[in-house]
Amino acid sequence: MQNILVVYFSQSGQLERVARTIASPLDAAEDVRVDYLRLEPEPAYPFPWGFFSFLDAFPESVYLDPPCLRPFGLAPDRRYDAIVLAYTVWFLSPAPPVTGFLKSAEGRRLLAGTPVITVTACRNMWLSAQEEVKRMLAEAGAKHCDHVALVDQGSSLATFFTTPRWMLTGRKDRWLGLFPRAGVSEEQIAGSARFGRALLDALRRGALDGARPALNGLDAVRMDDRLLASERIGRRSFRIWGRLLRRVGGPGSPRRKPVLAVYVVFLVAMIVVVVPPSMLIRTLLRPFGRERMARERAYYEQPSGSGTERLGEFSE
Ligand SMILES: Cc1cc2nc3c(=O)[nH]c(=O)nc-3n(C[C@H](O)[C@H](O)[C@H](O)COP(=O)(O)O)c2cc1C
């Protein structure tokens, strides 16, 4: 019997569905046992979010402050053959409950020496968060071997409206006849079962050993290179404003509100003024910087990559 642990934190249930869809072929196999660990922060984060509570979450997310988590409830001596770590992105950083898991003594014990498959389902900006996750996995001694990234449907411009609307109202439906449904498409979620089939296949062949990817050739991750510059600028600004906010008061402190109000004006201005031109510049420069972009793509899409050559083998 092989043992797999699926760790996730999901507010609306979207990432939980992705994680469970990936795990479904493993769950159905008689020679595999799958345990699920739903991370539960205390106190719980609100969903849908209030405007200020949403913004107020950013300094601690960016500075990777681990929140309190409910006890995991796993057997103290349990080891796993592989761990699927599913996380969402908050403010270009891993959502704090996942940071909490990665920094916890029990999480680190489970991760040490274990093959880890990271999975994210977010709006579209996951590059910086994945760097932080990889760093924390390395600190824990995990063998990171695969990465799957699913992003919200629609253009960057559309999700700039649909994702915050979903977070602040809980509504995902098509909007004004203009915007698509919020979140990852149903086809993408259903299609992610192929990753579970490939993991099962690798597990049975003894190839899920952490030394090589098991999900290569399955269109696991596509980097949108136009977003790299915006992420870099965004992270810098999050760190500067986050430091200021942490000095002003702790999470939820009323003293943070005026600073957050100024920050939100700055943030929206930055997104409107910085993101479209930086995406345009990136698109215009594409013909001149192909080699550098290919290097960046290879780096950010590792370990699983965006190849599609094994899709036929594992898609239904
Ligand atoms: C506080 C907060 C900040 C977010 N920041 C980002 C972000 O920086 N980049 C991104 O692609 N998505 C971001 N998202 C969207 C989430 O990654 C995710 O898609 C959404 O929370 C739904 O996940 P869940 O309902 O499964 O938890 C953010 C969501 C929240 C709640």
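How many residues of domain 1 are in contact with how many residues of domain 2? Let's start there. On the domain 1 side there are 14, and they are in contact with 17 residues of domain 2. Keep in mind throughout that this is a predicted model.

So who contributes on the domain 1 side? Three elements give two or more residues each to the side that touches domain 2: α2 (51-56), α3 (58-62) and α6 (127-140). The largest share comes from α3, with four residues. And if you sort that side of domain 1 by class, you get eleven nonpolar residues, one polar and two charged.

Let me back up and say what these domains are. The domain assignment gives domain 1 as 2-223 + 301-314, and domain 2 as 228-292. So in the numbering, domain 1 comes in two pieces, one on either side of domain 2. Taken over C-alpha atoms, the centres of the two domains are 23 Å apart.

Okay, the overall picture. The protein has 13 helices and seven strands. Along the principal axes, its C-alpha atoms fill a box of roughly 55 × 50 × 40 Å. For 316 residues, you'd expect a compact globule to have a radius of gyration near 20 Å, and this protein comes in at 19 Å, so the two agree. Of those 316 residues, 39% count as buried. And if you take the contacts with a separation of 6 or more, 82% of them are between residues 24 or more positions apart.

Now the ligand. Which residues come nearest to it? Those are Ser10, Ser12, Leu15, Cys122 and Arg123, out of 20 residues around the ligand. Several elements supply at least two residues of that shell: α1 (14-28), β4 (89-90), β6 (115-122) and α7 (156-169). By class, the shell has twelve nonpolar residues, seven polar ones and one charged.

Next, some backbone details to look for on the screen. There's a cis peptide bond between Glu42 and Pro43, with omega at about 0 degrees. There's another cis bond from Phe47 to Pro48, where omega is near -5 degrees. Pro43 is in the loop between β2 (32-38) and α2, and Pro48 is in the loop between β2 and α2 as well.

Then we have a couple of positive phi values. Phe91 isn't a glycine, but its phi is positive, about 50 degrees. You'll find Phe91 in the loop between β4 and β5 (93-94). Is Phe91 buried or exposed? Buried, because 23 other C-beta atoms lie within 10 Å of its own.

Asp219 is the other one: phi near 55 degrees, again positive in a residue other than glycine. Asp219 is in the loop between α9 (193-204) and α10 (228-248). With 19 other C-beta atoms within 10 Å, Asp219 counts as partly exposed, because buried takes 20 or more.

Last stop, Phe314. Phe314 is in helix α13, residues 311-314. Phe314 has 19 C-beta neighbours inside 10 Å, so it counts as partly exposed. Leaving out residues up to four places away in sequence, Phe314 touches Arg194, Arg197, Ala198 and Leu218. Compare that with Gly242, which is 72 residues away along the chain: the C-alpha atoms of Phe314 and Gly242 are 43 Å apart.

That's my tour, thanks.

How values were computed
Residues are numbered from 1 along each chain as its sequence is written. This is a predicted model: local features need pLDDT of at least 70, side-chain atom pairs count only at pLDDT 80 or more; totals for chains, interfaces and linings use all residues. Domain bounds come from an automatic or database domain assignment. Two residues are in contact if their C-beta atoms, placed from the backbone, lie within 7 Å. Ala, Val, Leu, Ile, Met, Phe, Trp, Tyr, Cys and Pro count as nonpolar, Asp, Glu, Lys and Arg as charged, and the others, Gly among them, as polar. A residue is near a molecule or strand if its C-beta atom, placed from the backbone, lies within 6 Å of it. The radius of gyration is taken over C-alpha atoms; the globule rule is 2.2 Å times the number of residues to the power 0.38. A residue is buried if 20 or more other C-beta atoms lie within 10 Å of its own, exposed if 12 or fewer, and partly exposed in between; C-beta atoms are placed from the backbone.
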